[in-house]
Amino acid sequence: MAEVNRQLPNLVPVMKHIREFNFRLIARLAGMLMVVMAAAMALPIIASIYYGDGEQFDLLLSAILMMVIGLFARNILGRRASYELHEKESFWIVAVSWITVPLAGAIPYLMTGTLSSFTDAAFESFSGFTTTGSSVLVRLDDVSKGLMVWRSLTQWIGGLGLIMFVIALLRKLNIGSAYLYDAEFSGTVQRKLHPRLSTSVTYMWLVYIGTTVTLFLLLLLSGNDFLTSFNTALSVVSTGGFQISDAGIEGMSNLSLWWVTSFMFLSGINIALLFRLVTGHGRDLFRSEEFRLYLWVFLTAFVLCTLAFVLHGNPVLQSINYSAFHLASTVSTCGLTVTPPLHWPLMASAVTFILIIIGAMSGSTGGGLKLKRIVLLIRYVRNYFTRMIHPNVVFTVRIDKNIISDEYINKIFAFVFMYFLFIVGGSFILTLCDLTIPQAVCMAAANISNLGPTPILGEVGAHITYAALPAVAKWTLILLMLVGRVEIFAILAIVSPAYWRR
């Protein structure tokens, strides 16, 4: 009892600080996102009516339910919310948004009866919003057209980020937008396109939408039907990687596959650099050290994998085509797959696994550790060893001629450590669910990188039946998807006792 009495004074300021949190604003913003999701249901409903799949009423009911929940959170729980937002609350908004919206996104799967288990519906929804692309659906051709559109929309909405909706639509936040922006892109230095942050985010959305529309039109002109082109464009540009049918991406023409390959590679590039490219400042793209490394990594991996496939007896043209598609899909963490060559070399497995961990460029829709973090860590370690030989020499870590602070480097070290810790922990839990160690490691690494199923060790990775996994394994993978997409810190912050202290 004496010990409890000694601890009570320490809890008082913590509880007081919790009461001072702007929970009304958190509820209001989460509700606003829910309303946006309900409005987005209009497209699946229209598709359902047009194709006559008979599920338009179930989808309409799902939209109404989302709207009711969103309006309740926005207008009741968030009533009279102050738009004064502090840094700590920004982590709450990011975490709450990335949990509640995917949970609500599971409603259409349940209402249409496509998935009867809440765990399966949540898995499919989280996989979509986090742009992972893992799926528990076994026969895609049996899924209604309307629900397939919703499935594609979830990954497109989550591609640029849920919080980007808030910043673009709600200008009342002022300085609070910067806190949300930093929380969404925690661990990376994201360049801004305009002094006003909401305008900068609006430009990002314009590039994102423009890239999607461009790919959609190219696929349509390449002989694909409207729905296939639409769903594929949403899947590729968001780097979500949901397959569109049982035949997958292979049901499209060779020209379409090359368009998909090109746009998967583009989608792994920082969207701010793409904006500079389309506005006539293409030199900025090649001035970026991260982009030059991104290009070098892709080309090196392409040469190594092509040679490995050819030397193992596969046809030259097939090796070239497959290596380009597979590596663009992997480095961008899109995760779309086609049938691999008959003979799978170990070199291809090694290159694939390295690309899964590295991931795409910072500020892109791709996942993974991000190349900018890798560059900064390598330079910091290089400087550290140089100082061991020349202790009086002063070094700084730079990228694109900008000096990076030690505080930021420490944050990257913490991020990388937690990243691998989640892979190890997730792999351990998956092995307890009767998966082999290679399967567990490949699955954990692919899902935390938001890549989803992809050929890693030959057949291991590409042909994983997630539907057969037990509920514990599915929720473990959902957690990995979430921390990979939100980039760990926002989730860890709100469960840390130190976070709640003043």
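**Stop 1: S319**

Select S319 in this predicted model. Which residues does S319 touch, leaving aside its neighbours within four places in sequence? They are T306, F309, V310 and N314. S319 itself sits in helix 17. Is S319 buried or exposed? Its relative accessibility is 0%, so S319 counts as buried.

**Stop 2: helix 16 against helix 17**

Now widen the selection. Show helix 16, residues 289–311, together with helix 17, residues 316–331. The two pack at an angle of about 145°. Their axes lie 9 Å apart. Helix 16 passes helix 17 in a right-handed crossing.

Next, turn on the side chains in the contact. From helix 16, pick Y294, F298, A301, F302, C305, T306, F309 and V310. From helix 17, pick V316, S319, I320, Y322, S323, A324, L327, A328 and V331. S319, from the previous stop, is one of the helix 17 residues here. Colour this contact by class. You will find 14 nonpolar residues, three polar ones and no charged ones.

**Stop 3: A233 and helix 12**

Go to A233, in helix 12. How buried or exposed is A233? Its relative accessible area is 1%, so A233 is buried. Beyond its neighbours within four places in sequence, A233 contacts T212, L215, F216 and L219. Draw a distance from A233 to L219. The two are 14 residues apart along the chain, and their C-alpha atoms are separated by 8.0 Å.

Stay with helix 12, residues 226–237, and add helix 13, residues 254–267. This pair packs at about 35°, with axes 8 Å apart. Which residues meet here? T232, V236 and V237 come from helix 12. V260, F263, M264 and S267 come from helix 13. By class, the contact holds five nonpolar residues, two polar and no charged.

**Stop 4: the loop between helix 18 and helix 19**

S267 leads to the next selection. S364 touches S267, along with G268, I269, N270 and I271, not counting residues up to four places away in sequence. S364 lies in the loop between helix 18 and helix 19. S364 is buried, with a relative accessible area of 10%. Now select T239 as well. S364 and T239 are 125 residues apart in sequence, yet 9.3 Å apart in space, C-alpha to C-alpha.

Follow the loop to K370. K370 is also in the loop between helix 18 (346–358) and helix 19 (371–389). What is its phi value? Phi of K370 is near 85°, a positive value in a residue other than glycine. Most residues other than glycine have a negative phi. K370 is buried, with a relative accessible area of 5%.

**Stop 5: D434 and P470**

Jump to D434, in the loop between helix 20 (406–431) and helix 21 (437–448). D434 has a positive phi too, near 70°. Is D434 buried or exposed? Its relative accessible area is 75%, so D434 is exposed.

Add P470 to the view. P470 lies in the loop between helix 21 and helix 22 (471–486). P470 is partly exposed, at 35% relative accessible area. P470 and D434 are 36 residues apart along the chain, with their C-alpha atoms separated by 9.5 Å.

**Stop 6: W150 and the core**

Select W150. Leaving aside neighbours within four places in sequence, W150 contacts M37, A40, M41, P44, M66, G105, P108, Y109 and F129. Now look at the largest nonpolar core, with 142 residues. Which of its members touch the most other members? They are W150, I269 and L477. You have met I269 already, as one of the residues touched by S364.

**Stop 7: the whole chain**

Zoom out. The protein chain has 23 helices and two strands. Of its 502 residues, 57% count as buried. Consider contacts between residues at least 6 apart in sequence: 73% of them join residues at least 24 apart.

Finally, colour by pLDDT. The chain averages 83, and 84% of the residues score at least 70. Where does pLDDT stay under 50? Select residues 11–19. For this stretch the model has eight contacts beyond four places in sequence. Where pLDDT is low, the predicted coordinates should not be read in detail.

How values were computed:
Residues numbered from 1 in each chain as written. Predicted model: local features only at pLDDT ≥ 70, side-chain atom pairs only at ≥ 80, totals over all residues. Heavy atoms only, no water. pLDDT = per-residue confidence, 0-100. Contact = heavy atoms within 4.5 Å. Core = buried A, V, L, I, M, F, W, Y, C linked by side-chain atoms within 4.5 Å. Buried < 20%, exposed > 50% of the residue type's maximum accessible area, 1.4 Å probe, protein only. Axes fitted to C-alpha atoms, helices over the stretch in contact; angles between N-to-C directions. Helix = DSSP H or I, 4+ residues; strand = E, 2+ residues; numbered from the N terminus. Left-handed = near helix turned anticlockwise from the far one by under 90°. Nonpolar A, V, L, I, M, F, W, Y, C, P; charged D, E, K, R; others polar.
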